[in-house]
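The following exercises introduce a protein model through worked solutions. Each task is followed by its solution, given step by step.

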Amino acid sequence: MISKSLASLLILSTAVCLGQAFTETDVPGGPTSEPKQPIIFDLSAIDKTADPCIDFYQYACGNWLKKNPVPSDQVRWGRFNELAERNNYLLYTELKAAADDPKNPLQRKYGDYFAACMNVDLADRLGTKPLQPALATIASLKDKKQLATIVAELQKNYSVGVFMD
């Protein structure tokens with residue numbers, strides 16, 4: 001019984017974590033402003049007051065670090081975070097445009113998918129109902145010998161990835 005509960009918790013928590021894994025910079029309803037476009041090679045980032053032989057990182061990035069403190073909603077901040085913010089914004093605008101006014105069948109396909117994923121009202125209204133088949137599969141676990149079979153079924157039928165050590 002304990003292994004069944006543990007397996008259920010593991011599988012359900014994995015599904016929840018995977019559902020939240022790519023929402024690092026999401027804002028409900030999408031971005032509210034366009035992030036600045038990163039500069040490919042920024043000479044103004046160099047801190048010429050630092051000695052490159054003593055602290056090359058301070059020399060190469062010192063001015064950028066002074067001008068770009070870690071935002072209050074982030075745990076770390078760097079050039080790759082800026083790039084990720086910009087890429088997420090560009091992807092969002094492309095998907096939103098395809099959802100609002102698709103120009104061809106492919107845009108209609110991914111635009112409809114995006115619109116369905118962004119339909120928070122429907123998700124709130126349905127609640128856990130869409131999860132019930134997967135939860136029933138988990139509940140059917142009788143002993144730990146069935147775990148591999150259940151995991152394979154969840155992955156095949158519900159795209160639930162399960163990671164174990």
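**Exercise 1. A charged network**

Task: Determine how the side chains of R79 and E82 meet, and which residues are joined with them into one network.

Solution. The model is predicted.

Step 1. R79 and E82 meet through their side chains in a salt bridge, with 3.3 Å from N to O. This lies within the 4 Å cut-off for a salt bridge.

Step 2. R79 and E82 are separated by about one helical turn, because they are three residues apart in helix α3.

Step 3. R79 has a relative accessible area of 30%, so R79 is partly exposed. For E82 the value is 6%, so E82 is buried.

Step 4. E82 also forms a salt bridge with K36, and the closest N and O atoms of that pair are 3.4 Å apart. K36 lies in the loop between α1 and α2, whereas E82 lies in helix α3; the pair therefore links distant parts of the chain, 46 residues apart.

Step 5. K36 counts as exposed, because its relative accessibility is 52%.

Step 6. Through shared partners, the salt bridges join K36, R79 and E82 into one network.

**Exercise 2. A further salt bridge**

Task: State how many salt bridges the structure holds, and describe the one formed by D47 and K66.

Solution.

Step 1. The structure holds six salt bridges.

Step 2. In one of them the side chains of D47 and K66 meet, at 3.5 Å from N to O.

Step 3. D47 belongs to the loop between α1 and α2 and K66 to helix α2, so this salt bridge ties together parts that are 19 residues apart in sequence.

Step 4. D47 is buried, because its relative accessible area is 4%, whereas K66 is exposed at 56%.

**Exercise 3. Aromatic pairs**

Task: Count the aromatic pairs and classify each by its geometry.

Solution. A pair of aromatic rings is described by the distance of the centres and the angle of the planes.

Step 1. The count comes to two aromatic pairs.

Step 2. F56 and Y59 form a pair with 5.9 Å from centre to centre and 40° between the planes, and this pair is tilted.

Step 3. F56 and Y59 are three residues apart in helix α2, so about one helical turn separates them. F56 is exposed, with a relative accessible area of 53%, while Y59 is partly exposed at 23%.

Step 4. For Y92 and F114, the ring centres are 5.7 Å apart and the planes stand at 75°, so the pair is edge-to-face.

Step 5. Y92 lies in helix α3 (residues 79-100) and F114 in helix α4 (residues 105-117), so the pair ties together parts that are 22 residues apart in sequence.

Step 6. Y92 is buried, with a relative accessible area of 16%, and F114 counts as buried at 11% relative accessibility.

**Exercise 4. Nonpolar residues inside and outside**

Task: Identify the residues of the largest nonpolar core and those of a nonpolar patch on the surface that includes I40.

Solution.

Step 1. The largest nonpolar core consists of eight residues: A134, I138, L141, I150, V151, L154, V160 and V162.

Step 2. Two or more residues of this core come from each of α6 (132-139) and α7 (147-158). The most are given by α7, with three residues.

Step 3. Leaving aside residues up to four places away in sequence, A134 touches L154 and Y158.

Step 4. On the surface, I40, F41 and L43 form a nonpolar patch, whose accessible area together is about 440 Å².

Step 5. I40 is found in the loop between α1 (2-20) and α2 (56-67). I40 counts as exposed, because its relative accessibility is 87%.

**Exercise 5. One residue and the whole chain**

Task: Decide whether Q107 is buried or exposed, list what Q107 touches, and describe the chain as a whole.

Solution.

Step 1. Q107 lies in helix α4 and counts as buried, because its relative accessibility is 15%.

Step 2. Not counting residues up to four places away in sequence, Q107 touches E94, A98, D101, P102 and D112.

Step 3. The chain has seven helices and zero strands.

Step 4. Of its 165 residues, 21% count as buried.

Step 5. The chain exposes about 12600 Å², of which carbon and sulfur atoms supply 61%.

Step 6. Among contacts between residues at least 6 apart in sequence, 43% join residues at least 24 apart.

How values were computed. Residues numbered from 1 in each chain as written. Predicted model: local features only at pLDDT ≥ 70, side-chain atom pairs only at ≥ 80, totals over all residues. Heavy atoms only, no water. Patch = residues over 30% accessible without salt bridge, like charges linked within 9 Å, V, L, I, M, F, W, Y side chains within 5 Å. Areas by Shrake-Rupley, 256 points an atom, 1.4 Å probe, with all protein chains shown as cover. Helix = DSSP H or I, 4+ residues; strand = E, 2+ residues; numbered from the N terminus. Buried < 20%, exposed > 50% of the residue type's maximum accessible area, 1.4 Å probe, protein only. Phe/Tyr/Trp six-rings, centres within 6.5 Å; stacked < 30°, edge-to-face > 60°. Contact = heavy atoms within 4.5 Å. Core = buried A, V, L, I, M, F, W, Y, C linked by side-chain atoms within 4.5 Å.
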